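Here's a quick walk through one protein model, written for someone who likes to think in atoms and distances. Have the viewer open while you read.

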Amino acid sequence: PESGTSMAAPVVSGVAALLLSYFPSLTPAQVRDIIVETVRPLPDLEVNQPGGERAVPFGSLSRTGGVIDAYAAVRRALEVAKPLP
C-alpha cells in the first residue's frame, strides 16, 4: 500500500484545488493557513515509525500532528472568502 508523502502530497494538493475552485479569491497563503488550521489532530494514535518497528505517537511524524480535513477546510474557507455565485 502507498503511504507517507507519496500519498499525502496528492491528497493535500486535491484539497487545495477544491478550495481554489470554489473560492478563487483565496491567496496561496490563505489556502495553506486554512489547511493547517483545520487539520484533525490525532493525539492518542500510535503508529510504527517509518522504516522501523517502534511505535511512536502519530503527532510526532508531522508538523501538524494530524490529518487533513476537507470538510473543515471548506467550512473555514466560507468564513474567510466569498464562494463563486
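What follows covers the overall layout, the core, the salt bridges and a few residues worth clicking on.

**Overall layout**

First off, this is a predicted model. Confidence averages a pLDDT of 88 over the protein, and 93% of the residues score at least 70. Broken down by element, helix α2 (residues 28-37) has the highest mean pLDDT, at 97, while strand β2 (residues 46-48) has the lowest, at 82. As a general caution, predicted coordinates should not be read in detail where pLDDT is low.

The protein has 3 helices and 4 strands, and reading along the sequence gives you α-α-β-β-β-β-α. The C-alpha trace spans about 50 × 25 × 20 Å along its principal axes. Of the 85 residues, 21% are buried. About 6000 Å² is exposed, with carbon and sulfur atoms supplying 60% of that area. If you only count contacts with a separation of 6 or more, 59% of them are between residues 24 or more positions apart.

**The core**

Which residues make up the largest nonpolar core? There are 11 of them: V15, A16, L19, F23, L26, V31, I34, I35, A73, A77 and A81. Helices α1 (5-22), α2 and α3 are the elements that give two or more residues to this core. That sort of grouping fits a general trend: in soluble globular proteins, nonpolar side chains tend to be buried together.

I34 is a handy residue to center the view on. Leaving aside neighbours within four places in sequence, I34 is in contact with L19, L26, A73, R76, A77 and V80. The backbone oxygen of I34 also has a polar partner, since a polar atom of the T38 side chain lies 2.7 Å away from that oxygen.

**Salt bridges**

The structure holds 4 salt bridges. Three of them are listed here with their N to O distances.

| Pair | N to O distance |
|---|---|
| R32 and D33 | 3.3 Å |
| R40 and D69 | 3.6 Å |
| R76 and E79 | 2.8 Å |

Take R32 and D33, whose side chains meet in a salt bridge. R32 counts as partly exposed at 46% relative accessibility, and D33 is partly exposed too, at 31%.

R76 and E79 both sit in helix α3, 3 residues apart, which is about one turn of the helix. E79 is exposed, with a relative accessible area of 60%, whereas R76 is partly exposed at 29%. This pair doesn't stand alone: E37, R76 and E79 are linked in a network of salt bridges.

R40 forms a salt bridge with D69, with the closest N and O atoms 3.6 Å apart. This one links distant parts of the chain: R40 is in strand β1 (residues 40-41), D69 is in the loop between β4 (66-67) and α3 (70-80), and 29 residues separate them. Is D69 buried or exposed? D69 counts as buried because its relative accessible area is 16%, under the 20% cut-off. R40, by contrast, is partly exposed at 44%.

**Around D69 and T38**

D69 does more than pair with R40. The side chain of D69 reaches the backbone nitrogen of Y71 at 3.2 Å and the backbone nitrogen of A72 at 3.0 Å. Not counting residues up to four places away in sequence, D69 touches T38 and R40.

That brings us back to T38, in the loop between α2 and β1. With a relative accessibility of 12%, T38 counts as buried. Using the same sequence filter, T38 touches D69, A72, A73 and R76. So which backbone oxygen does the T38 side chain pair with? The partner is the backbone oxygen of I34, at 2.7 Å.

**F58 and the strands**

One last stop is F58, found in the loop between β3 (55-57) and β4. Leaving aside neighbours within four places in sequence, F58 is in contact with L42, L45, E46, V47, G65, G66 and V67. F58 and N48 are 10 residues apart in sequence, and their C-alpha atoms are 8.6 Å apart in space. E46 and V47 fall within strand β2 (residues 46-48), the element with the lowest mean pLDDT.

Notes. Residues numbered from 1 in each chain as written. Predicted model: local features only at pLDDT ≥ 70, side-chain atom pairs only at ≥ 80, totals over all residues. Heavy atoms only, no water. Buried < 20%, exposed > 50% of the residue type's maximum accessible area, 1.4 Å probe, protein only. pLDDT = per-residue confidence, 0-100. Polar contact = N/O pair within 3.5 Å; in protein donor to acceptor, adjacent residues only side chain to side chain. Contact = heavy atoms within 4.5 Å. Areas by Shrake-Rupley, 256 points an atom, 1.4 Å probe, with all protein chains shown as cover. Core = buried A, V, L, I, M, F, W, Y, C linked by side-chain atoms within 4.5 Å.
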